Amino acid sequence: MKKGFLFFLSMVMAFSIWGAFGASAANAAAKTKEQVYLERARDLQRSTFAGIKTKAQAYALMEKGFTTEFTRKFVNYYYKSKGFNAKGELIYSVPPSDDMSYAQTGFCWNKKCLKGKTKYPSVKYTTRGGNLFVTISQYQYNELSGNHVYTVKMTKTKDSKEPLRVHSIQRKYD
């Protein structure tokens, strides 16, 4: 009897582990290119909030996921001077704030978080002058911060091997 129970238990554990790996692989495969680019840009942006940096360091961090114009607006809006470092360079930090004007907060891509009036994000592709523009929008229902349409616009220049870069983040509140 013990051997049968142990065999059953080991099979349950094996299928649990197999299911966990299968589920994570399925979720990873289900991500769209846009989701990957948005997550990378969000992670890059969040890394700029930590610590004290020069503007050159912030630009170097964000150039992989954001246009130069957006980075300039972001740095000028959030970065506050903190003094000078040992090299005599002006250093900056980002003070805590609830203002999310240029910050990327994220979209709800799965059914678990689609509550209330929140709808699945819409993705729209357009081409102008050979350049690709991607607009991702979602109506987000939030009792604390207010219901709003959250839009992230990304671009890719013609014949560029660079990935899509964020060039605009907008929120339109009800």
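This passage describes the overall make-up of a predicted protein model and the packing of two of its helices. Local features were taken at pLDDT of at least 70 and side-chain atom pairs only at pLDDT 80 or more, whereas totals for chains, interfaces and linings use all residues. Residues are numbered from 1 along each chain as its sequence is written, and side-chain values use heavy atoms, with hydrogens and water left out.

The protein chain contains 4 helices and 6 strands (DSSP runs of H or I with at least four residues and of E with at least two, respectively, numbered from the N terminus). Their order from the N terminus is α-α-α-α-β-β-β-β-β-β. Of the 174 residues in the protein chain, 29% are buried (under 20% relative accessible area, 1.4 Å probe, protein chains only). The exposed surface of the protein chain is about 11700 Å², with 59% of it supplied by carbon and sulfur atoms (Shrake-Rupley method, 1.4 Å probe). Among contacts (heavy atoms within 4.5 Å) with a separation of 6 or more, 47% involve residues 24 or more positions apart.

Helix α2 (residues 33–49) and helix α3 (residues 55–62) have axes that come within 9 Å and cross at roughly 165° (lines fitted to C-alpha atoms over the stretch in contact; angles run from 0 to 180 degrees between N-to-C directions). Helix α2 is therefore roughly antiparallel to α3 (angles over 145 degrees). In α2, the residues Leu-44, Gln-45, Ser-47 and Thr-48 meet Ala-58, Leu-61 and Met-62 of α3. This contact has 4 nonpolar, 3 polar and no charged residues (Ala, Val, Leu, Ile, Met, Phe, Trp, Tyr, Cys and Pro count as nonpolar, Asp, Glu, Lys and Arg as charged, and the others, Gly among them, as polar).

Methods:
Parallel < 35°, antiparallel > 145°, perpendicular 65-115°, else oblique. Buried < 20%, exposed > 50% of the residue type's maximum accessible area, 1.4 Å probe, protein only.
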